[in-house]
Amino acid sequence: MPREISFIGFGSNVGDRQELCDRAIALMNLLPLSQVTGVSSYYETEPVDPEGRLGGHWFYNGIVRLETSLSPQRLLAILQETERGLGRNEINRQGPRTMDFDLLLFGQHQIDQPGLTVPHPRLHKRRFVMEPLVELDPAYIHPALHRSMHELLEALDDPNQVTKLSIKPGSTYPARPTCSVPTASE
Ligand code: ADP
Ligand code: MG
């Protein structure tokens, strides 16, 4: 696969939400054939939950910008495995969740397959997605709507509350300094 820029949304509304989001970022730094090239702030967000399945708990949400040579199908499969690793309830997937990943954008690709739709069909309707996307890349053009993320946020009608937090994303697991190679005399 050629290298592509992708945007991955993450969100948690169960347990220690900050720690879970920090762990999600640390795990994305370990993805093969990929580099994290941007992380948005964290946002505390009101659940978008017309059917009342999410338990009323507010989310921490954010977005990672990932440059990757993985295929979108492989990337989503790894993200779903990572959700399980972070304790996602497999029996009640639609309920409160320790971690939810959404593959929002994958270059300018448009994909409509069983189990994978890109761009994510609801991204431009959700304030909790659009605010961090605009923070990361306001000029990015939506491949199907042909409008920038900034324009889409301006046009958005989503009354759900979204508050940008001042905490530093990823701060529970900062990158460690690399080990130095021992010299011959050691
Ligand atoms: P939610 O819509 O609340 O995020 P899930 O995480 O359980 O719910 O995802 C539901 C389904 O959406 C999964 O089976 C997944 O295959 C499918 N899906 C389709 N397109 C995407 C995408 N772009 N990103 C994430 N999941 C997707
Ligand atoms: Mg999901």
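Which residues surround ligand 1? In this predicted model, the shell around ligand 1 is formed by Leu76, Arg93, Asp100, Asp102, Leu103, Gly115, Leu116, Thr117, Val118 and His120. By residue class, four members of the shell are nonpolar, three are polar and three are charged. Two strands, strand 5 (100–106) and strand 7 (116–118), each contribute at least two residues to this shell.

One member of the shell, Val118, also takes part in an unusual feature of the backbone. The peptide bond between valine 118 and proline 119 is cis, with omega at about -5°. Proline 119 belongs to the loop that lies between strand 7 and helix 3.

Another member of the shell, Leu103, also belongs to the largest nonpolar core, which comprises 35 residues. Within this core, the residues with the most contacts are Ile8, Phe10, Ala24, Val64, Leu103, Leu104 and Leu133. At least two core residues come from each of strand 1 (4–12), helix 1 (17–28), strand 4 (59–68), helix 2 (72–85), strand 5, helix 3 (127–136) and helix 4 (149–154). In soluble globular proteins, nonpolar side chains tend to be buried together.

The strands that contribute to the core are also paired with one another. Strand 1 pairs with strand 4 in the antiparallel sense, over nine bridges; in this pairing, glutamate 4 is placed opposite threonine 68 of strand 4. Strand 1 also runs antiparallel to strand 5, to which six bridges join it. Opposite serine 6 stands phenylalanine 106 of strand 5, and opposite isoleucine 8 stands leucine 103 of strand 5. Isoleucine 8 and leucine 103 are both among the residues with the most contacts inside the core. Strand 1 is mostly covered, with seven of its nine residues buried. Strand 5 is likewise mostly covered, with six of its seven residues buried.

How far apart are the end C-alpha atoms of helix 1? The distance is 17 Å, which agrees with the 16 Å that 12 residues should span at 1.5 Å a residue. The buried residues of helix 1 are Arg17, Leu20, Cys21, Asp22, Arg23, Ala24 and Met28. Strand 1, strand 2 (34–39) and strand 4 are among the elements that cover these buried residues. An α-helix has 3.6 residues a turn, so residues three or four places apart point the same way. In helix 1, for instance, the buried residues include Arg17, Leu20 and Ala24.

Alanine 24 leads from helix 1 to more distant parts of the sequence. When neighbours within four places in sequence are set aside, alanine 24 is in contact with Phe10, Leu86 and Met99. The last of these, methionine 99, is located in the loop between helix 2 and strand 5. Is methionine 99 buried or exposed? Methionine 99 counts as buried because 24 C-beta neighbours lie inside 10 Å, and the cut-off for a buried residue is 20 or more. Apart from neighbours within four places in sequence, methionine 99 is in contact with Phe10, Ser12, Leu20, Ala24, Glu83, Leu86 and Arg88. The C-alpha atoms of methionine 99 and isoleucine 25 are separated by 11 Å, although the two residues are 74 residues apart along the chain.

A second buried loop residue is tyrosine 42, which has 27 C-beta neighbours inside 10 Å. Tyrosine 42 is situated in the loop between strand 2 and strand 3 (43–45). With neighbours within four places in sequence left aside, tyrosine 42 is in contact with Cys21, Tyr60, Gly62, Leu165, Ile167 and Pro169. One of these, Cys21, is a buried residue of helix 1. Between tyrosine 42 and glycine 11 the C-alpha to C-alpha distance is 9.3 Å, while their separation in sequence is 31 residues.

Two further loop residues are notable for their backbone angles. Leucine 33, in the loop between helix 1 and strand 2, has a phi near 55°, a positive value in a residue other than glycine. Leucine 33 is partly exposed, because 13 other C-beta atoms lie within 10 Å. Histidine 146, in the loop between helix 3 and helix 4, also has a positive phi, near 55°, and is a residue other than glycine. Histidine 146 is exposed, because 8 other C-beta atoms lie within 10 Å.

Key
Residues numbered from 1 in each chain as written. Chains lettered and ligands numbered in written order. Predicted model: local features only at pLDDT ≥ 70, side-chain atom pairs only at ≥ 80, totals over all residues. Near = placed C-beta within 6 Å. Helix = DSSP H or I, 4+ residues; strand = E, 2+ residues; numbered from the N terminus. Nonpolar A, V, L, I, M, F, W, Y, C, P; charged D, E, K, R; others polar. Core = buried A, V, L, I, M, F, W, Y, C linked by C-beta atoms within 7 Å. Buried ≥ 20, exposed ≤ 12 C-beta atoms within 10 Å, placed from the backbone. Contact = placed C-beta atoms within 7 Å. Pairing = 2+ DSSP bridges. Expected span 1.5 Å × (residues − 1).
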